[in-house]
Amino acid sequence: MHMQVGPRRGRRSHAPVVVLSLLLVIALGAWWGVDYLRARLAGNGCDALTPVEITAAPDIAPVLTRLAATVPQEECFSVDVTASESAKTADALGTTTSSGPDVWVPESSTMLLQARDSGAWNLPESGQSVASSPVVLGLPDESARRFGWPGRGLAWQEVLDGAPVGMPDPARDPLGIATLLGLRKLTEKAPDPGAAFTAAIRKLSVPEQTQGRFPAAFPATEQAVLARNLVAAYLGVPVQGFDYPYVVLPKASEASRGAAERFLRLLLDPLAGATFADAGFRAPTGQFAVPRAQDSRTDPAPQPSGPPPAADLYAALQAWAGANLSARVQVLLDVSGSMAAAVPGAGKSRMELTLQAATQGLGLFKPTTELGLWLFSTKLDGDKDYRVLLPMRTIAEQKTSGGVEQLQAVRPKPGGATGLYDSILAAYQNARQNWKPGRINLVVVLTDGRNEDGDTIGLPRLLEELGKLQDPRKPLPVIGIGIGPDIDASELKQVSTATGGDSFTTPDPRKISDVFYQALSKIMCQPPTCKN
């Protein structure tokens, strides 16, 4: 017997199933994301695109952006390039480790060292060069013709001897650093290399010295000279130019790190070399990937060399600081109660005389000199014996932001004792942490007495801690200035000597100006600018 209980299965409609399937696909698309579906539909087999964030020097960033657009889809990663001044990036990397780019491409390997000095201690010391460009002196046609161009090529020495040459601040601009290293190389065979180097430095004009005049020549890369249709003067001896190191940063995830390394391989490919050459960059080896037509504005075969030793870099920057009186000064000012004592025959207190001398002394520094000022006594900020009055700024910024007025308004703390040791150590640690190349870095202590804080680390421990903080490549002397009959000259001398500094004392507060200017002459007369 046959029983039919409904329509035959072979004739059932498939429409509901198709509709449900489509709805499922749409739901999955919303869940997984549009990028996933696009990748699948394009057939590249990527579950997702791994992002690679790159921060690069402004001159090379456009080329990296163009090459980022050529990454094949099947590589499954995307590259986003941001242009940023290398000094700003170095500062940012020194203050944060949890955010920022996956890759950094500065102009020069010297910027990696500066970033490490800024606090990025885990940053690699070197990277893979992806391009290069010699550092030259760029001249407009009119200036170049005065030296015999276009009949012949131009050299640094003749331009330095015959024309005003601009100079960017080497503490912030990698072009400035490269220029100093070039001058150091140019003068290393002179009878007195130090004197010759200093003389060469003094031929350069920093921005505040030009007084609105446009220099006849200025440091530039060969790539910039080509882009601006200028004439290049070459150094004539092997020296490192810009090497554009590609550095994968420690914060990059494992996936981003792998993708960044694959993008690096693309950048080193000969096809990418042609893109760099079209933009005026040479290959890492110093040659153009694509031969260029003869051009009297540039030299087809300059002499590159590897990165300089760190000691050479620091020496060049320190010489620049000394020759240009560029300083970074952390001042520690005593505001203990004894500073309110009247000075016989002066009609003023110790504090008033000290502030008068300090205010006048500000005028002796260049406007670009950086200065910060801390006050100290005992328990001035909670349990701390010190507090910040003026954060570190240039002299020009201190003057425009009311810093001079704040300094003149300082008053002693009634009943406050002299918390000298803890304050010196804290100020020194801060100055060491924020040590800046291209500056004479100093800690200046102004006090009228000896340490009176019983709850302190003590002098032996202070000297021990200061000793641990010394770095011959990065000098940071303490300059002690003591006034009044209560001063302990031996105490200040031991502290300053432990840091390579000096101390200046007088029992007569009326001579504070003489002592202050004597100390400033020591500060501003640094080798090789002055000879002992």
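## The lining of the largest pocket

Sorted by class, the residues lining the largest pocket come out as 14 nonpolar, 11 polar and 10 charged. The lining has 35 residues in total, and the ones that lie nearest the pocket's centre are Leu113, Gln114, Arg116, Asp117 and Ser118. Keep in mind as you look around that this is a predicted model. The space inside the pocket comes to about 780 Å³.

Which helix gives the largest share of that lining? That's H5, with seven residues. Helix H5 covers residues 110-117, and two other helices, H4 (86-95) and H14 (310-324), join it in supplying at least two lining residues each.

## The chain as a whole

Now zoom out. The chain has 21 helices and 19 strands. Of its 532 residues, 50% are buried.

Contacts can also link parts of the chain that are far apart in sequence. Take the contacts with a separation of 6 or more: 78% of them are between residues 24 or more positions apart.

## A sheet of four strands

Next, find the open sheet whose four strands run in the order E6-E10-E5-E9, with mixed pairing. Strands E6 and E9 (218-221) are its edge strands, so each of them pairs on one side only. As a bit of background, the strands of a sheet pair through backbone hydrogen bonds, and they can do this either parallel or antiparallel.

You can walk through this sheet pair by pair. Strand E6 (residues 154-155) pairs with E10 in the parallel sense, over two bridges. Strand E5 (residues 135-139) is joined to E10 by three bridges, and here the two run antiparallel. E5 also pairs with E9, again in the antiparallel sense, over four bridges. If you want a spot to check in that last pair, Gly138 stands opposite Phe218 in E9.

## Strand E10, covered on both faces

Strand E10 takes in residues 231-234, and both of its faces are covered. Val231 and Ala233 are buried on one side, while Ala232 and Tyr234 are buried on the other.

Ala233 is a handy landmark here. What stands opposite Ala233 from strand E5? Leu137 does. From E6, Leu154 stands opposite Ala233 as well.

## Strand E18, another covered strand

Strand E18 (residues 478-483) is mostly covered, and six of its six residues are buried. On one side you'll find Val478, Gly480 and Gly482, and on the other Ile479, Ile481 and Ile483.

E18 has a partner in strand E17 (residues 440-447): the two pair in the parallel sense over five bridges. One place to see this is Thr447, whose bridge partner in E18 is Gly482.

## A closer look at Asp102

Asp102 sits in the loop between H4 and strand E3 (103-105). Is Asp102 buried or exposed? Asp102 counts as buried because its relative accessible area is 5%, and the cut-off for buried is under 20%.

So what surrounds Asp102? Leaving out residues up to four places away in sequence, Asp102 touches Pro51, Val52 and Glu53, then Val247, Val248, Leu249, Lys251, Ala252, Ser253 and Ser256. With Lys251 there is also a polar contact of 3.4 Å between the two side chains.

Conventions: Residues numbered from 1 in each chain as written. Predicted model: local features only at pLDDT ≥ 70, side-chain atom pairs only at ≥ 80, totals over all residues. Heavy atoms only, no water. 1 Å grid on protein atoms, 1.4 Å probe; cavity = no way out; pocket = protein on both sides within 12 Å on 5 of 7 lines; lining within 4 Å. Points joined across faces, edges and corners; volume = space filled by probe spheres on them. Nonpolar A, V, L, I, M, F, W, Y, C, P; charged D, E, K, R; others polar. Buried < 20%, exposed > 50% of the residue type's maximum accessible area, 1.4 Å probe, protein only. Polar contact = N/O pair within 3.5 Å; in protein donor to acceptor, adjacent residues only side chain to side chain. Contact = heavy atoms within 4.5 Å.
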